[in-house]
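Let's take a walk through this protein together, from its inner spaces outward to the parts that deserve some caution. Keep the structure open beside you as you read.

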Amino acid sequence: MEKLILIIPFIPILAAILISIISERNKEAIPRISMFFSAIVVVLGLVGTYSVIGQDNVIYGFNSTLAFGKLASILIPYVAILSMVIKKYSAKYMWDEKGYKRFFILLNFIFSAIYLLILSNHLAILVIAWQIMSLVLYFLVSFNIESKTAVRFGNWTILLHKIADFLFILAVVLLYKTFGTFYLSELSNTWLVEKETIGNGNLVISIIGFLFLIAAFIKSAIIPFHIWLPYTSEGPTPVSALMHAGVVNVGGIVLNKLAYLFLLTPTVLNIAFAFGLFTAIFASMIMLTTPDIKRSLGYSTVGQMGYMIMEIGLGAFSLAVYHLIVHGIFKASLFLESGSLIHYARHDPNIPKRLSYEIFWEEKVHHIKQTKNIFLLIALFTVLPVLIFAGIKLFISKEFFYFNAAIIILAFGWLTGSQLFFSFFKVSITDSPKIIIGLIVSFTLIVLSYEFIGKTLEEFMYGKHSHLFYHAASLNLSVLFAIGLLILILVVGWIYVYKQHFTEFEVTSEEKPNKIKWTFYKLLAKEAYFPELFIKISKKIF
């Protein structure tokens, strides 16, 4: 009976075949078939999860090429439920669009590829799933073939993803040449056993890890390989939701499947941290200057993928899984609601101005007596999360800041949360105390969930070996340095906010905008000129 769980990747293919033979006159049956088979996948996924958690074993099948293990027990139900939501939404959203049947066929194929990738225990199966996903992704992004821009952005997507495919295949070939097996279960045991004997000196293993990492960078839209993701908004809204909640997470999923390999390549983890850190900061800044709501959400996702890769670079593999699930649910709901928000914005002129406009361009006269109290409250808001975090760590951890990675994640989590809130909402003088208290409470809940759920996932997925990833990451910051870095970030933030919003100055008609700020704003507004670069490249290739 347990073996039936491993047919999950083939169920969407069966649905696609049935949809392909349905007459156009029976159009209403297409979403019903998709939903019916998606429900079967949900049931099988939950049964498999119950079996893995209850019996603490891995379900193998098809000559051990597929395996329903701990990672699959977390991800399969998530992807299956996501599939049902997107298909239900698409049933009405795509009704009047051309290619209704084609859309649902492609949708079933890409979910089949995702299931196959998650369940694969054989590198050849992993490669096949990786390739199918790239191909179907191209057809979905360029679904509206009558639009020249959709086709162009589809070309960008397939170009980058084919580079990722090549690097991935090259890494698999080198992996087999080095270790002599295609089975991930055997490879994981080998990497775990040989972590002491192989060490950091094997150049070939480092190259293999680096190739897998770059392939994951491209799939997860890490800067400088990110440009395909923000422009998938040209596709239908359900496709955007799928991209940002499912496909873009593939890089993190594959790196988790290969987690024990990176015990042998700590330098690769450090590279992941550096690129993830830069992506989290820079993409979030671009997000603030992007006027298109879908593209802005796209850069938000790029920044979040930077966080995910940064967490992997710090050795927090299980935390990255938690992050991709939570972010996927959040971002899918945002994209599915984006159409309503656009409609609302067109009819309501009172939408708050974006924070970036106020910071870089708009000059206001403020009354310093009224705003000093608000500034003090904001300063308090930045201090309390640090105290809350430290208190939680002391309460649930035997050693204070045992893994110093947590304080770095805290710092950038706070910055992103503040940035996101103040870019979408206008805070009045009277409401500011309530808003800040609400933010503090929500931050407390986030820290608690990260600490408890993160630790639970670590013990579930990697057990006693979870601490090895943190040691391999070798980012050994002292507690004093980490706290000093956080305080520096907070103080600089206070000074900047105070000067921008809470100092009294006069505006004259002869005043000119600051050239340095305007140049930086222009760089962000132009998306660091990556779109222009890809237009030139695509014209030469296609």
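Which helices each supply at least two residues of the lining of the largest cavity? In this predicted model, they are α3 (70–93) and α4 (100–119). The biggest share comes from α3, which gives four residues to that lining. If you would like to find the spot on screen, look for L75, Y78, V79, L82, F111, I114, A245, G246, N249, I253 and L324, which line the largest cavity. By type, nine of the lining residues are nonpolar and two are polar, with no charged ones. The volume of this cavity is about 50 Å³, and the count of cavities of 30 Å³ or more comes to three. Rolling a probe the size of a water molecule over the atoms is what shows where empty space is left.

Now step back to the whole chain. The protein has 542 residues, of which 54% are buried, and its secondary structure comes to 22 helices and two strands. Contacts reach far along the sequence too: of those between residues at least 6 apart, 81% join residues at least 24 apart.

Helix α5 is a good one to check by hand. Its 19 residues, 123–141, should span 27 Å at 1.5 Å a residue, and because the C-alpha atoms at its ends are 27 Å apart, the expected and modelled spans agree. Many names along α5 belong to buried residues, among them L123, W130, M133 and V141. The buried set in α5 also includes S134.

Another serine to visit is S240, in helix α10 (residues 237–245). Is S240 buried or exposed? Its relative accessibility is 0%, so S240 counts as buried. Setting aside neighbours within four places in sequence, S240 is in contact with T232, S233, G235, K294 and F335.

Finally, how far can you lean on each region? The mean pLDDT of the protein is 76, with 68% of residues at 70 or more. Confidence is highest in helix α9 (residues 203–219), at a mean of 92, and lowest in helix α15 (residues 355–360), at 42. Over residues 352–371 the pLDDT stays under 50, and the model has 45 contacts beyond four places in sequence for this stretch. Residues 398–404 are also below 50, with 15 contacts beyond near neighbours in sequence. Where pLDDT is low, the predicted coordinates should not be read in detail.

Terms used
Residues numbered from 1 in each chain as written. Predicted model: local features only at pLDDT ≥ 70, side-chain atom pairs only at ≥ 80, totals over all residues. Heavy atoms only, no water. 1 Å grid on protein atoms, 1.4 Å probe; cavity = no way out; pocket = protein on both sides within 12 Å on 5 of 7 lines; lining within 4 Å. Points joined across faces, edges and corners; volume = space filled by probe spheres on them. Nonpolar A, V, L, I, M, F, W, Y, C, P; charged D, E, K, R; others polar. Expected span 1.5 Å × (residues − 1). Buried < 20%, exposed > 50% of the residue type's maximum accessible area, 1.4 Å probe, protein only. pLDDT = per-residue confidence, 0-100. Contact = heavy atoms within 4.5 Å.
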